Amino acid sequence: MRRKRRISQANSNRSGDRAGRRDWALGILVTLLLLAGPFLAFDAAQAQPAPGCRVAGNNIFCDSCAAAQNAPLVDRQVTLSDTVNANGQTNGSNNSFCRIDGLAPGEDLTLTVADSGSINLLSFDANFTRVGAMPGSLTPNPLLNQSVPANGSITRSFSHSEAMPVNTSVNVNIADTQPNGQPNAAVSGTVTCGCAPARGTLTINKVAIGGDDTFPITATLGANAPLDFSITTAGGTGQNSQPVLTGTYTVAETPPAGWVLDSIVCGDQTTDQAVVSKNTTTVCTVTNRKLASVTIKKRTLNGTGAFDFAATTVPGGQGAIAGFTETTNAVNTPSAGMTLTNLVPGDYTFTETPPVPGWTLTGLSCTGTGVSNPSTNGLAGSFTLADGAVAECIYENTLARSSLTIVKDVPGVGNNTPFSFSNNGPQAPAAFQLADGQSQVFTTTGTYIISETQAPGFNLTNISCTGTGANGQGDVIDVAGGSTTVDLDPGEHITCTFRNVPDEKTGRLIVRKVTVGGDDKFNFSVTGQPGFNLGNGDQRIFANLAEGNYTVGESNLPDGWKLQNVSCTGGGNKAGNGITVSLSANQTITCTFTNFKKRDDRMREVTRLFIHRRVDNLLTHGPDRARLLRRLQPQDPPACGLKDDCSQPPPLKLGAAPTGTGAAPRIGGVGTPELPAFGNQAFGNPAYGQSNSSVLFANEEDDQPWNPRGGTSSPLLSSIMGQLSSAAGGSSSFKFGTSLSELRESGKAAQLQEEQKKLQEAGLDYNGQMYHMPKNALHQRLDIWVEGQFSGYNDSTGGLHRDGNFRVLYVGADYAIAPGVLVGALVQVDDTRENIDDPTLLGEVEGTGWMAGPYIGIKLTDTLYFDARAAWGTSDNDIWLQDAAAGWRSGSFETDRWLANANLTGNYQFGNWRLSPQVGVAYGQESYDTYFNSLGQIVDGGEARIGRVTGGAEVGYQFRHSDGSVLEPHIGIKGIWNFQTDDLFVNGVLVDTDESRAQIEGGLLYRTPSGMAVRGALAYDGIGADDFESYTGQLWVNIPLN
């Protein structure tokens, strides 16, 4: 505190006259510094300034901060010293300035003030000030004082983003000191001025695919010398990171031998331009691939020879490899080999030519690194090289120990006439046929006599035998007789060529096949020629046929086909499934046989698949039964139901007759007079409240306590049970009926009875007193509803991929004929669209149909419900198919259909939770008549039948709002077992359809206090099914009407 007060007092004493003395004191000081520095104990540092910078007195001048890329900047330093008076003030002015003209944006100015031997000082103050037009971006700004501790130092750096104006400097004034209390204090310090150009970091990442190496990489900034970023990889990666001046660098690499540059990526761009900013790191990734090499060698068995390898193409069309020859000098010893280098990765195939016939390529083996998939095909061998592969592949050939090869040579193009040969030798076959370019090889030693049977229209002009041992002793060539005799000895390899030339007076016969509606193989015969078969688009050419008549016939047609037409250029005589033509010299006759397939089996299969899936969808996507079950529940007061509100009291309770009175049960309420007789005696029902009925309601007017064992069924079921009881007692009739008034009065009585029960259990006696009752809220008797569903499905039954969607709209109305009994009728319109997208078949099927029928719902008990419905209708359908066999065709067909189902559903409430188990049975059938497609083919009629049993459960939770609305999410799962289903054919193969699967559904119900309800649900069907899955959306809207 003493030091701070002394400094403050000194500063205060000087504040009044400092401004007035500054200008002339500074002038005097500068003069003294220049002329009499030693007398003021002021000395400049003896270090010589670097080029471009100079020290003058206490000051440092630098023209700029520019420096070589890798040369460190040389700071300049001056020394300041002075004595200190008793007040801690220096006896003279000690300041220095650092001026750097034209300091570029981003370059930093750095000043360091250090204590260099002060005497009896705790510290001294360095006062930083700026002189000249400083840029507005200079930081820190304003400049501040800072204390320099004894034997310590401080450094201030000033940065800016604008250019430093000329004649701008930062001054350092060593002013106030803090003595340690000892006499003769003196200050001695240094001021070091420097600057640093803007720098960032450039990082080069190296990726070497296929090996490791040293990669010379450079980064060049403008005209500067390139920076060396060479990297040696290990494990395929490496990195070199260096601080560099800011700017845009060009990254380049000269790949070492055996490597190719794959890419240079700087930042997130595929470019060799690296932009380095101040104090940031720019990353470039340079990727190289190591080229592969392979040595091709030859190994031979049973002989040696020179094998020519043909030129081959480099993968990707990146050039070609010239042909070469590999020669073996010893059996089972690989040749020296041809080494191929600088190969790009990929698949390579080398095809060889043996030196003589009898050689076969019997093996290919590859060793080394990066080589795979060696395989042979005839005289070609293939393998795959990876990046950096170093491989050796040995092609192995085996020479037959002895061989006699018979070759057929027929000049001309397209001649496939077969020539018959006989063989009298030690090896079979005894007879064979050869066409132009074909051959027959014998490898057993011995004497062979090979003879050719002259073919019509041809002349045998030459027989030549070549090879090892050919034309030796015992060998005979007889062209006139059409034979050659060859004595085949061990190690000999002889090739005999039979050359035939056609007669001048010959013609050509061409047989073509065209099919409509499919494809198959059809058997043909031509006079004097071997039998053959053709498919759609095939043809057989018979060249060099002698003049004359030829019969072309088709026989043994495949099942379901007929010969629709046969025509020949130049005419002909038809007979049955054949035609006879007259062929002249130099004439070409083309005969076209057109066959028609009577039935379109593929369209029949697709039609049945479509109908089968639609019947399944009709059974699966029936109308929402939850609405029907809600309608069956009593509403005075509203009772718990499926996806419904349970905030009101439970349904109507039946009482018991007073014990020992002999009276029948009656119903009534507190303060209620004797109830009038209910029921409809005109229909045989006993009047409720009369003693001759076996099922009556308790009348609370009798002031009897509540009997908790009373019944819990609806009035109608109570009536039914009463009638059944009467019938058991000998009654001859069983009838029941109800009316709106009965429902209303029964509901009101039930509500009164419930209130009386609560009062009596509470020990209160309110007999004879009236109290407010809520308004009776009976069900609306007539209900009109509409419902829509949409389902998308994928079906791959039998491996035929189909995807489609099924949409259905229901409109219905029902009427509550009695409590717990509803009857109604509905009309539905459904639309199915299915696409076939299979490698062998493309197409589309779509159909729209309707159905109508009645339905019924019955509440059996408070927790058990029964419902059933039936429907009948028709549909109109269109189909389009295209495949390679039959092409494009279309068709239309109609169907008749019906369905029926019945269900039992339970409903259990646990607070706001609801559990609803369900079991049901359903049956559906749809049939269609035979129809014709656009090609005139028959599509056989058929039908689809599915009988199924379903079972499952649904869980829901109700959120009740203060306005009376109810929101209930729910989830359920249902199992499906088809006890009857169709056996379908796909591509002629019998396919069993799935007999069991499961469906899961989740949805949301919202019900308003007025009774209007909206329900949406999503379902997935196909759990456990191999070839089917379906996604269904459902929307249900219910609007009650009076």
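In this predicted model, four strands line up as an open sheet in the order β14-β13-β17-β19, with antiparallel pairing. The edges of that sheet are taken by β14 (227–228) and β19 (273–276), each of which pairs on one side only. Zooming in on one edge, β14 is held against β13 (residues 217–221) by 2 bridges, again in the antiparallel sense. Within this pairing, A219 sits opposite L227 of β14.

Further along the chain, β34 (residues 446–453) turns up in two pairings. One is with β31 (residues 419–424), antiparallel and spanning 5 bridges. Here N423 has I450 of β34 as its bridge partner. The other pairing is with β37 (residues 483–488), also antiparallel, and it runs over 6 bridges. In that case I449 is the residue to look at, as it stands opposite T485 in β37. So much for the strands around β34; the surface comes next.

On the charge side, D876, E894, D896 and D929 make up a negative surface patch. One of these residues, E894, belongs to strand β53, which covers residues 887–906. How accessible is E894, buried or exposed? With a relative accessible area of 58%, E894 counts as exposed, because the cut-off for that label is over 50%. The same value also clears the patch criterion, since patch members need over 30% relative accessible area and no salt bridge. E894 is thus a strand residue that takes part in the negative patch together with D876, D896 and D929.

Notes
Residues numbered from 1 in each chain as written. Predicted model: local features only at pLDDT ≥ 70, side-chain atom pairs only at ≥ 80, totals over all residues. Heavy atoms only, no water. Patch = residues over 30% accessible without salt bridge, like charges linked within 9 Å, V, L, I, M, F, W, Y side chains within 5 Å. Areas by Shrake-Rupley, 256 points an atom, 1.4 Å probe, with all protein chains shown as cover. Salt bridge = Lys/Arg side-chain N within 4 Å of Asp/Glu carboxyl O. Lys, Arg positive; Asp, Glu negative; His and termini not counted. Charge placed at Lys NZ, Arg CZ, Asp CG, Glu CD. Buried < 20%, exposed > 50% of the residue type's maximum accessible area, 1.4 Å probe, protein only. Pairing = 2+ DSSP bridges.
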